[in-house]
Amino acid sequence: MTFALAVLCGLAFIGTGFTHMLDDGAVCVQTDFWRNASLAPENLPVGMDVEASSSATRLCQDGPSVGQRAADLGGELPWLLFGSLALLLFSRLLKAVLLQGPFTDTVARRLSVLGWFVAVGTPLTGLIVGWSQSWLVGSMAPVVGSGPTVSGPQVLVLAGLAAVIMGKIMREGVRMREDLEGTI
């Protein structure tokens, strides 16, 4: 099942990239640069002594450049690729558990690889997505500028590090079991 999900995410990655580059529609991005900007009260149906402010601004570009379209893809595709590869590694881990049992050196190694992939890949993917969106906003509203930002669920780093630690614990358990089997 996880392998099928990995393949599905991979196909979504390829399909989204292909169809998006051939699309000639507008490219849109949301920014919170003006999140505390006051709105004109005469245009809003608000009560007396109520202050309205914006939380997010949506910018759209009709006829975007190739760079803008690529930056828009940079906001979608990296998480699809990351998810596909993580599911593929998880599928290999589950296959090893089914074939050899849970407490083997292969399972411990694959769990550590999956953990390192998630721990390092999450911030890297978030940086690619954040910088792509930042550049896209900067290309549409130059006053905002662009710079390195990180977006996405960075809490996955903790899950990755937990998997690395569990892999090391399992590896030590395997070694202890082998030592015990050798002494009996």
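## Salt bridges, cores and a helix pair

Glu 181 is exposed, with a relative accessible area of 52%, where exposed means over 50%, buried under 20% and partly exposed in between, for a 1.4 Å probe and protein chains only. This is a predicted model, in which local features need pLDDT of at least 70 and side-chain atom pairs count only at pLDDT 80 or more, while totals for chains, interfaces and linings use all residues. Residues are numbered from 1 along each chain as its sequence is written, and side-chain values use heavy atoms, with hydrogens and water left out.

Glu 181 meets the side chain of Arg 177 in a salt bridge (3.9 Å, N to O), a term for a side-chain nitrogen of Lys or Arg within 4 Å of a carboxyl oxygen of Asp or Glu. Both residues lie in helix α5, four residues apart, about one turn of the helix; helices here are DSSP runs (H or I, at least four residues), numbered from the N terminus. Helix α5 also holds Arg 175 and Glu 172, three residues apart, and their salt bridge brings the closest N and O atoms to 3.0 Å.

In helix α4, Arg 109 and Asp 105 are separated by about one helical turn because they are four residues apart, and they form a salt bridge with the closest N and O atoms 3.5 Å apart. Asp 105 and Arg 109 are further linked with Arg 171 in a network of salt bridges.

The largest nonpolar core has eleven residues, among them Phe 82, Leu 89, Val 107 and Met 170; such a core is a set of buried Ala, Val, Leu, Ile, Met, Phe, Trp, Tyr and Cys residues joined through side-chain atoms within 4.5 Å. The elements giving two or more residues to this core are α3 (77-100), α4 and α5 (156-183), and α4 gives the most, with five residues. A second, separate core of eight residues includes Val 27, Leu 59, Ala 71 and Met 140.

Helix α4 (residues 105-140) also packs against helix α2 (residues 66-73) at an angle of about 145°, with their axes 8 Å apart; the axes are lines fitted to C-alpha atoms over the stretch in contact, and angles run from 0 to 180 degrees between N-to-C directions. This contact, meaning heavy atoms within 4.5 Å, is made by residues including Ala 71 and Asp 72 of α2 and Trp 135 and Met 140 of α4.
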